[in-house]
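Reader: I have a protein structure to discuss for my first-year course. Could you take me through it step by step?

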Amino acid sequence: QVQLVESGGGLVQAGGSLRLSCAASGSRLNAMGWFRQAPGKQRELVAAISTGGSTRYVDSVKGRFTISRDNAKNTVYLQMNSLKPEDTAVYYCNAHGSLYGVVSGLSDYWGQGTQVTVSS
């Protein structure tokens, strides 16, 4: 059974930075990623990364967020810079055997979520 444990959320002012971490245990999976869900909105992909380093980003975070991973630690990171109030959401880590699976939200494995709040 795969478990994903997230950390790093919090409250930050607009323009600030946060780094989220997600550690996977129980199995080594090929691809990992981050989704987010704001109140009253659908969950959306933020970024995803394959084992080989291929990445995908939603347009609204390109140039501001960077996803990376440490394969030895089976951990994925999301560095978030120049944060905006519209980035406020619960951020969820997910994992799948393929990058397509992560991007499509087909993952069977999700973290518990971590709250990111950006004040204006």
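Reader: Where should I place W110: buried, exposed or in between?

Author: Please note at the outset that this is a predicted model. W110 is partly exposed, because its relative accessible area is 29%, and the class of partly exposed residues lies between under 20% for buried and over 50% for exposed.

Reader: Does W110 have an aromatic partner, and if so, which residue is it?

Author: A search of the whole structure finds one aromatic pair. F35 and W110 form that pair, and the arrangement is edge-to-face. The ring centres are 5.2 Å apart, with 70° between the planes.

Reader: Why do you give both a distance and an angle?

Author: Both are needed because a pair of aromatic rings is described by the distance of the centres and the angle of the planes.

Reader: What does the pair of F35 and W110 tie together?

Author: F35 belongs to strand β4, residues 31–37, and W110 to strand β10, residues 109–110, so the pair links parts that are 75 residues apart in sequence.

Reader: And is F35 buried or exposed?

Author: F35 counts as buried, because its relative accessibility is 6%.

Reader: Which residues does F35 touch?

Author: Leaving aside residues up to four places away in sequence, F35 touches R43, E44, L45, V46, V90, Y91, Y92, N94, V102, V103, G105 and W110. As a separate distance, the C-alpha atoms of F35 and V58 are 9.8 Å apart, and these two residues are 23 residues apart along the chain.

Reader: R43 is on that list. Which rings does R43 lie over?

Author: R43 lies over the face of Y92, at 3.9 Å from the ring centre. The charged end of R43 also sits over the ring of W110, 4.8 Å from its centre.

Reader: Let us change topic. How many helices and strands does the protein chain have?

Author: The protein chain has one helix and eleven strands. Along the sequence, the pattern reads β-β-β-β-β-β-β-β-β-α-β-β.

Reader: What about the overall dimensions of the protein chain?

Author: Taken along the principal axes, the C-alpha atoms of the protein chain fill a box of roughly 40 × 25 × 20 Å. The radius of gyration is 13 Å, which agrees with the value near 14 Å for a compact globule of 120 residues.

Reader: How much of the protein chain counts as buried?

Author: Of the 120 residues, 43% count as buried. The accessible surface comes to about 6,000 Å², and 47% of this surface belongs to carbon and sulfur atoms.

Reader: And which share of the contacts is long-range in sequence, at 24 or more positions?

Author: Among contacts with a separation of 6 or more, 57% are between residues 24 or more positions apart.

Reader: What is in the largest nonpolar core?

Author: The largest nonpolar core has 26 residues, and those with the most contacts inside it are W34, L78, M80 and Y91. The elements that give two or more residues to this core are β3 (18–25), β4, β5 (44–50), β7 (65–70), β8 (75–80), β9 (89–96) and β11 (114–119). A second, separate core has six residues, including A31, F35, L45 and V102.

Reader: Why would such residues gather together?

Author: As a general tendency, nonpolar side chains in soluble globular proteins tend to be buried together.

Reader: Which residues does M80 touch?

Author: Not counting residues up to four places away in sequence, M80 touches G16, S17, L18, L20, R64, F65, Y91 and V116.

Reader: Now the loops, please. What is notable about phi in N74 and S82?

Author: Phi of N74 is near 50°, a positive value in a residue other than glycine. Phi of S82 is likewise near 50°, and S82 is also a residue other than glycine. N74 is found in the loop between β7 and β8, while S82 lies in the loop between β8 and β9.

Reader: Are N74 and S82 buried or exposed?

Author: N74 counts as buried, because its relative accessibility is 6%. S82 counts as partly exposed, at 41% relative accessibility.

Reader: Finally, where is S54, and what does S54 touch?

Author: S54 is in the loop between β5 and β6 (55–57). S54 is partly exposed, with a relative accessible area of 38%. Residues up to four places away in sequence aside, S54 touches A48, I49 and L99. The C-alpha atoms of S54 and G111 are separated by 21 Å, and the two residues are 57 residues apart along the chain.

Note on methods
Residues are numbered from 1 along each chain as its sequence is written. This is a predicted model: local features need pLDDT of at least 70, side-chain atom pairs count only at pLDDT 80 or more; totals for chains, interfaces and linings use all residues. Side-chain values use heavy atoms; hydrogens and water are left out. Rings of Phe, Tyr and Trp (its six-membered ring) pair if their centres lie within 6.5 Å; planes under 30 degrees apart count as stacked, over 60 as edge-to-face and the rest as tilted. Helices (H or I, at least four residues) and strands (E, at least two) are DSSP runs, numbered from the N terminus. Buried means under 20% relative accessible area, exposed over 50%, partly exposed in between (1.4 Å probe, protein chains only). A charge sits over a ring if NZ of Lys or CZ of Arg is within 6 Å of the ring centre and within 35 degrees of the ring normal. Contact means heavy atoms within 4.5 Å. The radius of gyration is taken over C-alpha atoms; the globule rule is 2.2 Å times the number of residues to the power 0.38. Accessible areas come from the Shrake-Rupley method with a 1.4 Å probe; for residues, only the protein chains shown count as cover. A nonpolar core is a set of buried Ala, Val, Leu, Ile, Met, Phe, Trp, Tyr and Cys residues joined through side-chain atoms within 4.5 Å.
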